[in-house]
Amino acid sequence: MNPYTLTLLLFGLVLGTCITVTSSHWLLAWMGLEINTLAIIPLMTQQHHPRAIEAATKYFLTQATAADTLLFASITNAWLTGQWDIQFMTHPIPTTMAVLALYLKIGLAPLHTWLPEVLQGLDLTTGLILSTWQKLAPFTLLLQIPAANQELLIILGLASTLIGGWGGLNQTQLRKILAYSSIAHLGWMLLILQFAPSLTLLALMTYLVMTSSAFLTFKFNNATNINSLASSWAKAPLLTTSAPLLLLSLGGLPPMTGFMPKWMILQELTKQNLPLTATIAALAAFLSLYFYLRLSYAMTLTISPNNLSGTLPGRLTTIQLSLPLATTSICAIIFLPLAPAITALMNL
């Protein structure tokens, strides 16, 4: 892609997200979401591959449906209450419609079915943008909307954690596994959204760092399925040694960084007299941990097949990803000791 075109599209992504994050008016927020969507679609189709075109079409139709529903909800709220401000959405009907539209935008269960299929048709770089940056604007709107039906949010959050865990068990494509991992992590954020928004932001930031490190690791190894991970040791031994720690951090295994938000979320759910919800969420985390262990096993304890189709590719020579990969990897592994300081900052 032309560098000027790429720069313009990336600027559109940043501009759309910034407009949505800083706006308090529904029309401005909707405009930012639309700019964001229109900016990423050319990035999806830059490969000119049928799977990429199919993924871009599915993404466009899904996002258009969600944006139309969100606009209709905001208009309905303005008609019923006379207010366009996001924080003044008080009527239950438009509030529910807006929340469901945002769930569809970010891929929360049961409106998640588009996410694995779209992510599978993209390259790892665009998939990284879709799984990280594109979550920021809708989550900002979710944090601004007043509390809706808490029981419904808890049910949908548990459904996301369970579906994200079960859905990734029988997958062999890394992009689909990361898609179901995204659904599971978003479910954890949804569980605590109405009780502790600061914990939701902490879980979101931790998820962004860990997911970025996972995508960059797979991109560095040029791996798109589990079988291709077997040749990682021949291409990047040091990275292959640290990759299981990244994957286990995504699963929330102590003493890695991914354990911190889940630990705090379970603690907050217990304080809110929701021990059953905390127990189900903790058990659902084992489902996700299983396929992370599966990926770790494929990278470190298996070797590539000794045949023509399994011939090892040459060693990687690019160093473009070294700095962001090193930075996100360190953050995804060793930030757990900072949990007391982070907790103190959130309580200020």
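# Exercises on a predicted helical model

Thr90 is in contact with Asn77, Thr81 and Thr95, when residues up to four places away in sequence are not counted. The structure is a predicted model, and the exercises below begin with this residue.

**Exercise 1.** Determine where Thr90 lies and whether Thr90 is buried or exposed.

*Solution.*
Step 1. Locate the residue: Thr90 belongs to the loop between α3 and α4 (92–106).
Step 2. Consider its relative accessibility, which is 56%. A residue is exposed when this value is over 50%, so Thr90 counts as exposed.
Step 3. Relate sequence to space: Thr90 and Ala230 are separated by 140 residues in sequence and by 53 Å in space, C-alpha to C-alpha.

**Exercise 2.** Describe the overall architecture of the chain and decide how compact the chain is.

*Solution.*
Step 1. Count the elements of secondary structure: the chain has 16 helices and zero strands.
Step 2. Compare the radius of gyration with the globule rule. The chain has a radius of gyration of 20 Å, and the rule gives 20 Å for 348 residues, so the chain is as compact as a globular protein of that length.
Step 3. Add the extent of the C-alpha trace, which is about 70 × 50 × 35 Å along the principal axes.
Step 4. Examine burial and contacts. Of the 348 residues, 53% count as buried. Among contacts with a separation of 6 or more, 77% are between residues 24 or more positions apart.

**Exercise 3.** Establish the surroundings of Ser23, including the polar contacts of its side chain.

*Solution.*
Step 1. Locate the residue: Ser23 is in the loop between α1 (3–22) and α2 (26–44).
Step 2. Assess its accessibility. Buried means under 20% relative accessible area; Ser23 has 6%, and therefore counts as buried.
Step 3. List the contacts beyond four places in sequence: these are with Leu28, Ala29, Ile86 and Gln144.
Step 4. Identify the polar contacts. A polar atom of the Ser23 side chain lies 3.1 Å from the backbone oxygen of Ile19, and the side chain of Ser23 also reaches the backbone oxygen of Thr20 at 3.1 Å.

**Exercise 4.** Explain why helix α6 is described as largely enclosed by the rest of the structure.

*Solution.*
Step 1. Count the buried residues: seven of the eight residues of α6 (residues 124–131) are buried, so the helix is largely enclosed.
Step 2. Name them: Leu124, Thr126, Gly127, Leu128, Ile129, Leu130 and Ser131.
Step 3. Identify the cover. The elements over these buried residues include α1, α2, α3 (50–81), α5 (114–120), α9 (174–192) and α10 (197–221).

**Exercise 5.** State which peptide bonds ending at Pro110 and Pro255 are cis, and where these prolines lie.

*Solution.*
Step 1. Consider Pro110: a cis peptide bond with omega of about 5° joins Ala109 to Pro110. Pro110 is in the loop between α4 and α5.
Step 2. Consider Pro255: the bond from Pro254 to Pro255 is cis, with omega near 10°. Pro255 is in the loop between α12 and α13 (259–271).

**Exercise 6.** Give the phi values of Asn222 and Asn273 and state whether each residue is buried or exposed.

*Solution.*
Step 1. Asn222 has a positive phi, near 55°, and is in the loop between α10 and α11 (232–235). With a relative accessible area of 60%, Asn222 is exposed.
Step 2. Asn273 has a positive phi, near 60°, and is in the loop between α13 and α14 (275–300). With a relative accessible area of 68%, Asn273 is exposed.

Terms used
Residues are numbered from 1 along each chain as its sequence is written. This is a predicted model: local features need pLDDT of at least 70, side-chain atom pairs count only at pLDDT 80 or more; totals for chains, interfaces and linings use all residues. Side-chain values use heavy atoms; hydrogens and water are left out. Helices (H or I, at least four residues) and strands (E, at least two) are DSSP runs, numbered from the N terminus. The radius of gyration is taken over C-alpha atoms; the globule rule is 2.2 Å times the number of residues to the power 0.38. Buried means under 20% relative accessible area, exposed over 50%, partly exposed in between (1.4 Å probe, protein chains only). Contact means heavy atoms within 4.5 Å. A polar contact is a pair of N or O atoms within 3.5 Å; within protein, one must be able to donate a hydrogen and the other to accept it, and residues adjacent in sequence count only if both atoms are side-chain atoms.
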